[in-house]
Amino acid sequence: YNEILENSKQCSIHIIDLLHSAKQAAASNNPNSPNLRTASLGMNISLNNLIDSVKPGQANISEAIERIQNAIYTLDNPDEPLVVQGQQPLWELSEASKTLSNASISILTASREQNNNLGKYSKDASLTVLQMINASRLITNPQENNCSILAKSIIEHSNNLLQNPTNKNNVVNATKSMASLTKEAISASKEITDSNPNKANIVLAAQHVGACLGKVGKATKALVQGQPGADKALLQSAQLLNQKANHFYKTSLDSKKKPVDINETMDLYNACRNIATA
């Protein structure tokens with residue numbers, strides 16, 4: 001009982017903190033405020049603690065359901081980014097299927113026995129479903145790799161910048177995101193095995209993206225400072241970055257691998273969807 005009261009108190013404190021942070025973020029027109037993100041995270045943690053103190057395992061079960069729903073969403077949205085976890089998606093799919101089978105037995109047993117570990121088992125199973133779906137998407141997109149996936153993300157952020165170049169917060173956030181992604185992309189290109197005959201072209205394409213990003217960064221700084229002509233310079237540099245990112249994407253694709261037939265893709269996706277919703 002005391003635990004419930006303490007968790008209720010902490011939850012109330014975090015609600016007030018979240019409201020204050022939201023008010024400050026709105027006043028400064030900064031939806032990506034670090035304080036707002038911290039307050040939101042604190043609120044989620046305290047709420048989960050309260051739920052667990054009332055009904056052990058329920059927070060993990062709710063999180064598991066949400067994670068599975070998000071994973072299923074990626075099957076129906078091809079533009080959702082892929083995640084390369086290894087070099088053998090077929091093996092990863094096989095292992096995920098085995099793990100999920102064992103997890104299902106644990107969930108069934110815990111459910112019958114009203115075991116407090118039901119939440120943990122559910123959360124573990126949801127992570128496995130996510131791995132299974134991600135491996136399936138990699139199998140059906142054999143030309144994709146770390147570089148192409150990062151290139152897609154850079155393209156997406158540059159498109160976002162170009163669609164709303166007058167919003168300074170939007171421009172700054174997009175530039176920061178692209179800077180991080182470009183750094184990863186250059187590193188990923190250099191990590192390609194030397195046996196890949198296209199490595200030099202991929203590395204060069206990534207470096208061109210980096211050079212263009214430097215110009216976007218300067219234009220963004222000038223825009224924030226209110227320098228004359230900064231908006232024009234930003235548009236020009238962002239457009240060039242977008243072109244170079246598209247070139248990087250096309251260059252990094254593994255053209256030797258053939259795309260998977262759409263019918264086979266749908267069969268695999270439907271199987272994953274049926275398992276995830278079972």
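Trainee: How many helices and strands does the chain have?

Mentor: Keep in mind that this is a predicted model. The chain has 10 helices and zero strands, and buried residues account for 34% of its 278 residues.

Trainee: Okay, say I want to look at helix packing. What describes two packed helices?

Mentor: You use the angle between their axes and the distance between those axes. Try it on α6 (residues 146-163) and α9 (residues 230-252): they pack at an angle of about 160 degrees, and their axes are 9 Å apart. An angle over 145 degrees counts as roughly antiparallel, so α6 is roughly antiparallel to α9.

Trainee: And is the crossing of α6 and α9 left-handed or right-handed?

Mentor: Left-handed.

Trainee: Which residues meet there?

Mentor: On the α6 side, they include Ala151, Ile154, Ile155, Ser158 and Leu162. On the α9 side, look for Leu234, Ala238, Asn242, Ala245 and Tyr249, among others. By type, the residues of this contact split into 12 nonpolar, seven polar and one charged.

Trainee: Why would residues three or four places apart point the same way?

Mentor: Because an α-helix has 3.6 residues a turn. Now look at α9: among its buried residues are Leu234, Ala238, Leu241, Ala245, Phe248 and Ser252.

Trainee: What covers the buried residues of α9?

Mentor: The cover includes α6, α7 (168-190) and α8 (199-224).

Trainee: Last one: how far does α9 reach from its first C-alpha to its last?

Mentor: It reaches 32 Å with 23 residues, close to the 33 Å expected at 1.5 Å a residue.

Note on methods:
Residues are numbered from 1 along each chain as its sequence is written. This is a predicted model: local features need pLDDT of at least 70, side-chain atom pairs count only at pLDDT 80 or more; totals for chains, interfaces and linings use all residues. Side-chain values use heavy atoms; hydrogens and water are left out. Axes are lines fitted to C-alpha atoms, for helices over the stretch in contact, and angles run from 0 to 180 degrees between N-to-C directions. Helices (H or I, at least four residues) and strands (E, at least two) are DSSP runs, numbered from the N terminus. Angles under 35 degrees count as roughly parallel, over 145 as roughly antiparallel, 65 to 115 as roughly perpendicular and the rest as oblique. A crossing is left-handed if the near helix is turned anticlockwise from the far one by less than a right angle, and right-handed if clockwise. Contact means heavy atoms within 4.5 Å. Ala, Val, Leu, Ile, Met, Phe, Trp, Tyr, Cys and Pro count as nonpolar, Asp, Glu, Lys and Arg as charged, and the others, Gly among them, as polar. The expected span of a helix is 1.5 Å times one less than its number of residues. Buried means under 20% relative accessible area, exposed over 50%, partly exposed in between (1.4 Å probe, protein chains only).
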